[in-house]
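Hi everyone, thanks for making time today. I'd like to walk you through the cysteines and the charged pairs in one chain.

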Amino acid sequence: MSLIPEIEAFLGCRTPDAWIEAALADQQTLLIDHKNCEFKAASTALSLIAKYNAHPELINMMSRLAREELVHHEQVLRIMKRRGVPLRPVSAGRYASGLRRLVRAHEPVKLVDTLVVGAFIEARSCERFAAIAPHLDEELGKFYNGLLKSEARHYQGYLKLAHQYGDAQDIALVVERVRQAEVELITSPDQEMRFHSGIPLALAA
């Protein structure tokens with residue numbers, strides 16, 4: 001499935017085949033971590049509303065995004081229930097925390113950097129859905145294909161807000177810095193298989 005051109009251009013690399021292989025071999029962990037990612041995305045949106053409560057455009061977008069991510073969270077839960085996938089704790093991967101380490105500590109650039117990181121997370125989610133969907137069974141493949149549009153829209157929303165609150169030249173530098181770090185996280189060996197992980201160590205050798 002072809003990705004929308006702007007996401008192909010935005011991300012610095014495609015998902016490695018080794019990640020697809022590992023995810024297909026452990027679909028229970030994939031679903032559990034996907035569920036967790038949807039919840040974290042909603043939580044992040046709500047946190048931004050609480051922190052930046054004088055930014056009406058941000059509040060409106062993040063409110064809609066949080067509702068949508070919670071619906072996705074519920075949809076994954078229903079799929080897990082139908083498939084007999086038990087709920088269990090799954091540790092967070094290094095991906096989001098690795099990107100957030102790049103966020104500058106002072107405002108207003110802290111908000112801009114946070115929004116750029118959000119754009120990358122949503123863009124990679126979109127790309128991951130497209131990468132793995134053709135290899136899944138009909139139900140899960142259809143579900144993941146259906147999520148592509150919303151993740152692409154979320155990516156666009158985060159980037160639009162970044163440009164609303166930041167300087168275009170600075171944002172271009174931030175995007176390049178985050179892109180380089182994101183490529184490293186996606187293509188380097190990783191301790192475990194997660195929705196946004198790099199190449200699991202068992203397949204990286």
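I'll take the cysteines to begin with, then the salt bridges.

Please keep in mind that this is a predicted model. How many disulfides does the structure hold? Zero. Take cysteine 37: its closest cysteine sulfur belongs to cysteine 126 and sits 15 Å away, which is too far for a bond, because a disulfide needs the two sulfurs within 2.5 Å. Cysteine 126 is in no disulfide either, with the nearest cysteine sulfur, in cysteine 13, at 14 Å. Cysteine 37 counts as buried at 19% relative accessibility, and cysteine 126 is buried too, at 3%.

Now to the charges. The count of salt bridges comes to 12, and I'll show you some of them.

Glutamate 68 pairs with arginine 153, with 2.5 Å between the closest N and O atoms. Glutamate 68 lies in helix 4 and arginine 153 in helix 7, so this bridge ties together parts 85 residues apart in sequence. Both ends are partly exposed, glutamate 68 at 22% and arginine 153 at 41%.

Next, arginine 83 meets aspartate 137 at 2.6 Å. Here helix 4 is linked to the loop between helix 6 and helix 7, across 54 residues.

Then there is aspartate 170 with arginine 104, at 2.8 Å from N to O. Aspartate 170 is in helix 8, while arginine 104 is in the loop between helix 5 and helix 6, 66 residues apart.

And one more for the network fans: shared partners join Arg82, Arg83, Asp137 and Glu139 into one salt-bridge network. Thanks for listening!

Definitions and conventions. Residues numbered from 1 in each chain as written. Predicted model: local features only at pLDDT ≥ 70, side-chain atom pairs only at ≥ 80, totals over all residues. Heavy atoms only, no water. Buried < 20%, exposed > 50% of the residue type's maximum accessible area, 1.4 Å probe, protein only. Salt bridge = Lys/Arg side-chain N within 4 Å of Asp/Glu carboxyl O. Helix = DSSP H or I, 4+ residues; strand = E, 2+ residues; numbered from the N terminus.
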